[in-house]
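Student: Can you walk me through this one? I'd like to talk about charged pairs and pockets.

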Amino acid sequence: MKSKKTSNSVSEETMLAHRKNKWKLLGKQKMLILMSVPFVLYIILFRYVPLWGWTMAFQDYKPYKTFFDQQWVGFKWFAQLFTEKEFLLSLRNTVGMSLISTALGYITAILLAVFMNEVRYLGIKRFVQTVSYLPHFLSWVIVCGLVANVLSVEDGILNDILVRLHLSKQPVQWLATQKYFWHIVGWTYVWKEVGWNTIVYLGAMTAIDPCLYEAAQIDGCGRLRKIWHITLPGIKPTIIIMMIMSAGHILDANFEMPYLLQNGMIQDVAETIDIYVLKYGFKLSRYGLATAAGIFKNVVNILLLLLANTIAKKSGEERLI
């Protein structure tokens, strides 16, 4: 009996000691906690409070009625989504454009990061970094305006070059031909974001032990073999983490660019889920259907993120969660 009482008192003392240590730690980090309060409030206010609007997906929502007077319809709008041809087209377009942009973005960012890591002349390295970073700070409105001017049929520089070099007999209607649109979106994303995306990989490369390169040099390895056997394996965990994070954005597909570049001739391949939500929610006032489409997009993104994380975990790779 005495041993049991003694063990209980020891466990209680241990718990009290842990609690005191936690409060001491919180006291030491009170400035960090205070600094994080505005960000926590921002997340709550702009990320969680708007979730109240998701109730419209389960109602026959009428703006002139109060919340308690709305008619609840269950999963009616979710079922109707998959009978809407326009939604299925927007789903296809979103996945297609997102996959192209993601694939091109990853490949080009890694290649550019490797190139800048291998450049020894500091002037060239800084020049390439500056030129590749600058487009990131342009708004999508400006970028889409530039793309429209470059691909213009009348005075676009790309058509002018193709015609002058006799690579094309007549100007190509880039923004009026459906088969070109997804690729235009993908390469425009690369041009705008490739420099910014390399920052993460360049940061990962700085963590690679220089002794590995010296040992490879002694063994007679050239630059390509160093890249293949040291640099790429060294940034592999970062690549995996970035891929997992991208899996959670497959159904996002950049709202601004398709919306600003679309026209009647390419609408069937340009309308994404976000454009569908905007159209049905604000223009057609079908709030329930638009909200259901938005919920579907977010739920699928979360499931894809968890799936990618699970696959990475079972494969023994780095994981996000």
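Tutor: We'll take the salt bridges, then the pockets.

Tutor: This is a predicted model, where local features need pLDDT of at least 70, side-chain atom pairs count only at pLDDT 80 or more, and totals for chains, interfaces and linings use all residues. Residues are numbered from 1 along each chain as its sequence is written, and side-chain values use heavy atoms, with hydrogens and water left out.

Student: How many salt bridges does the structure hold?

Tutor: Nine. A salt bridge here is a side-chain nitrogen of Lys or Arg within 4 Å of a carboxyl oxygen of Asp or Glu.

Student: Which residue does Glu317 pair with?

Tutor: Lys236, with the closest N and O atoms 3.1 Å apart. Glu317 lies in the segment after helix H15 (287–314) and Lys236 in helix H11 (residues 236–247), so the pair ties together parts 81 residues apart in sequence. Helices are DSSP runs (H or I, at least four residues), numbered from the N terminus.

Student: Is Glu317 buried, exposed or partly exposed?

Tutor: Partly exposed, at 26% relative accessible area. Lys236 is partly exposed too, at 39%. Buried means under 20% relative accessible area, exposed over 50%, partly exposed in between (1.4 Å probe, protein chains only).

Student: And what does Lys297 bind to in a salt bridge?

Tutor: Asp274, at 2.9 Å between the closest N and O atoms. Lys297 sits in helix H15 and Asp274 in helix H14 (residues 273–283), so the bridge ties parts 23 residues apart in sequence. Both Lys297 and Asp274 are buried. Shared partners join Asp252, Asp274 and Lys297 into one network of salt bridges.

Student: Switching to pockets. What is the volume of the largest pocket?

Tutor: About 1,000 Å³. A pocket is found on a 1 Å grid over the protein atoms alone: an open set of points where a 1.4 Å probe fits, with protein on both sides within 12 Å along at least five of seven lines; lining residues have an atom within 4 Å of a point. The volume is the space filled by probe spheres set on the points, which are joined across faces, edges and corners.

Student: Which helix gives the most to the lining of the largest pocket?

Tutor: H15, with 11 residues. The lining has 28 residues, and Arg47, Leu51, Trp54, Gly294 and Asn298 lie nearest the centre.

Student: What about the second largest pocket's volume?

Tutor: About 640 Å³. Of its 24 lining residues, Thr102, Tyr189, Asn197, Ser246 and His249 are closest to the centre. H8 (178–205) gives the most to this lining, with eight residues.

How values were computed. Helix = DSSP H or I, 4+ residues; strand = E, 2+ residues; numbered from the N terminus.
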